[in-house]
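Trainee: Please take a close look at a single residue and its surroundings. I would like to see where it sits, what it touches, and how the sheet beside it is put together.

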Amino acid sequence: MRDHIRFLLGDEALELRNIDPTMTVLDWLRLEKGRCGSKEGCAEGDCGACTVVIARPEGGRLSYRAVNGCIVFLPMLDGCQLLTVEDLKGPDGALHPVQQALVDCHGSQCGFCTPGFVMSLFAFYRNDENPTDQRIDDALAGNLCRCTGYAPIAAAAKKMYSAGAPAKDRFADNEAKTHKRLEAMADSETLCVGVEGRQLFAPASIAGLADILSENPDAYIIAGGTDVGLWVTKQLRNIAPAVLIGRIQELRRIEESHEAIIIGAGTTYDDASSIIAAHYPDFGELIRRIGGQQVRNIGTIGGNIANGSPIGDTPPALIAAGATLGLRRGTERRSMALEDFFVDYGKQDRRPGEFVEYVSLPKPEPGTYFRCYKISKRFDQDISAACGAFRLRLEGDIVAEIRIAFGGMAATPKRATATEAALAGKPWTAETIESALDALDRDYTPLTDWRASAWYRMAVAKNLLRKFHAETSGLAAPLRLAGEGRLAHA
């Protein structure tokens with residue numbers, strides 16, 4: 001096993017041994033390297049003040065991804081290039097086009113959030129040459145500013161391209177060289193780092209992961225760390241031994257057949273969103289509202305499932321679509337309907353040493369209707385009070401098949417089986433919907449917490465069923481503030 005991590009900090013090659021395996025990138029930058037441009041505002045991946053960019057080889061080029069340094073653990077940098085706001089100026093001290101655009105558009109006031117905005121815009125600049133207003137808003141939704149009102153920053157996002165195409169900046173000039181340096185760091189060894197008896201493993205293969213978990217069946221498995229990171233930063237939990245799965249290419253696979261889309265457990269929201277949206281447009285809209293871009297760049301669908309949270313956003317949509325889950329322990333594999341994986345609050349049907357390998361999302365049959373609805377206090381970057389998903393197939397005007405699933409309504413993501421039974425075989429009419437609403441009271445007993453009351457959640461669930469009927473019954477009135485143009489048969 002390799003006992004050190006290696007990565008580039010800007011252009012500097014580093015090897016680090018005897019490191020705290022759950023030290024965050026932000027703490028390391030500020031406390032160990034004296035790079036204080038990145039700020040801590042929330043320590044939970046919400047405000048974006050800590051945003052840094054990670055570049056890694058993908059598909060023959062470098063992929064630049066903005067991430068929250070406050071919840072990314074230092075070993076997750078292995079084999080990557082880490083870029084901070086201090087890296088952007090040119091050798092002569094000239095500002096990068098992103099920085100200059102913010103100056104020109106008066107996009108900074110108090111300045112606390114500015115380095116995070118700079119790095120989010122830098123990643124955007126490297127990856128998107130002709131952004132729409134919607135894409136700009138999506139890219140910046142993970143960064144909060146209490147001064148500017150965002151308009152000057154959004155203006156800078158357009159102006160930064162006036163200095164020339166992104167392919168012309170110095171990072172593009174050095175990309176081939178940087179790519180070669182990072183490729184030389186890649187190996188098939190399992191990484192094992194730690195200090196004071198606290199270990200973190202990072203295997204490079206799925207077989208290596210199975211072996212490690214066989215020897216350490218109670219180890220914490222970390223994909224993107226967008227939830228586990230808070231266990232460390234907020235709850236100060238010791239999560240050793242831990243196992244990172246980010247180096248395992250097999251877990252980042254996306255395969256498409258005539259019947260289904262196979263999504264590896266390590267596939268990020270961002271990587272999976274386009275193929276999911278192509279077949280389930282509303283699911284794509286749901287993913288757009290999961291966290292900010294920084295979270296979607298590193299958080300995974302597999303992690304969202306395995307975590308088992310009752311308010312995770314992807315399980316209701318996957319359950320409604322009829323997804324199945326693949327698990328592995330050692331060389332033994334099994335699969336199950338996704339809804340069967342969730343047993344009780346905090347309990348899933350995952351055996352010691354077992355891990356989620358993939359989720360299989362069936363493609364919708366022709367004529368299928370599919371909708372997702374996320375209810376939260378903010379449109380962007382907020383946790384759901386309730387999340388509902390619906391799949392419907394009609395024969396004429398009769399309900400031939402319907403699947404309904406909700407998050408935030410029970411101790412687990414859960415199907416509404418009583419409501420499905422009340423609708424099956426009935427005409428798809430408003431009268432049928434009204435007669436089935438009482439079945440939701442049998443399906444769910446929601447709780448009251450600071451996000452919503454039990455009464456509100458149940459009222460929302462019933463109204464979402466009404467809305468689903470309205471959207472699939474030819475009602476001409478607009479029913480959404482966003483995503484309206486994407487409503488069609490799945």
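Mentor: Contact here means heavy atoms within 4.5 Å. The model is predicted, so local features need pLDDT of at least 70 and side-chain atom pairs count only at pLDDT 80 or more, while totals for chains, interfaces and linings use all residues. Residues are numbered from 1 along each chain as its sequence is written, and side-chain values use heavy atoms, with hydrogens and water left out.

The residue to look at is T268. Leaving aside residues up to four places away in sequence, T268 touches R65, R296, N297, I298, G299 and T300. Along the chain, T268 lies in the loop between β11 (260–264) and α10 (269–279). Helices (H or I, at least four residues) and strands (E, at least two) are DSSP runs, numbered from the N terminus.

Is T268 buried or exposed? T268 is buried, because its relative accessible area is 7%. Buried means under 20% relative accessible area, exposed over 50%, and partly exposed in between (1.4 Å probe, protein chains only).

The side chain of T268 makes a polar contact of 3.4 Å with the side chain of R65. It also reaches the backbone nitrogen of D271 at 3.1 Å. A polar contact is a pair of N or O atoms within 3.5 Å; within protein, one must be able to donate a hydrogen and the other to accept it, and residues adjacent in sequence count only if both atoms are side-chain atoms.

Now the sheet. β11, which comes before the loop of T268, belongs to an open sheet of five strands in the order β10-β11-β16-β12-β13, with antiparallel pairing. Two strands pair if DSSP finds at least two bridges between them. At the edges are β10 (254–256) and β13 (332–337), each pairing on one side only. From one strand to the next, the twist averages 20 degrees. Axes are lines fitted to C-alpha atoms, for helices over the stretch in contact, and angles run from 0 to 180 degrees between N-to-C directions.

Inside this sheet, β12 (residues 324–329) and β16 (residues 355–362) are joined by five bridges in the antiparallel sense. In one of the pairings, R328 has F355 in β16 as its bridge partner. Helix α8 (residues 206–215) lies across β12 and β16, and runs at about 130 degrees to β16. α10 also packs on the sheet, where it touches β10, β11 and β16, and its direction makes about 20 degrees with that of β10.
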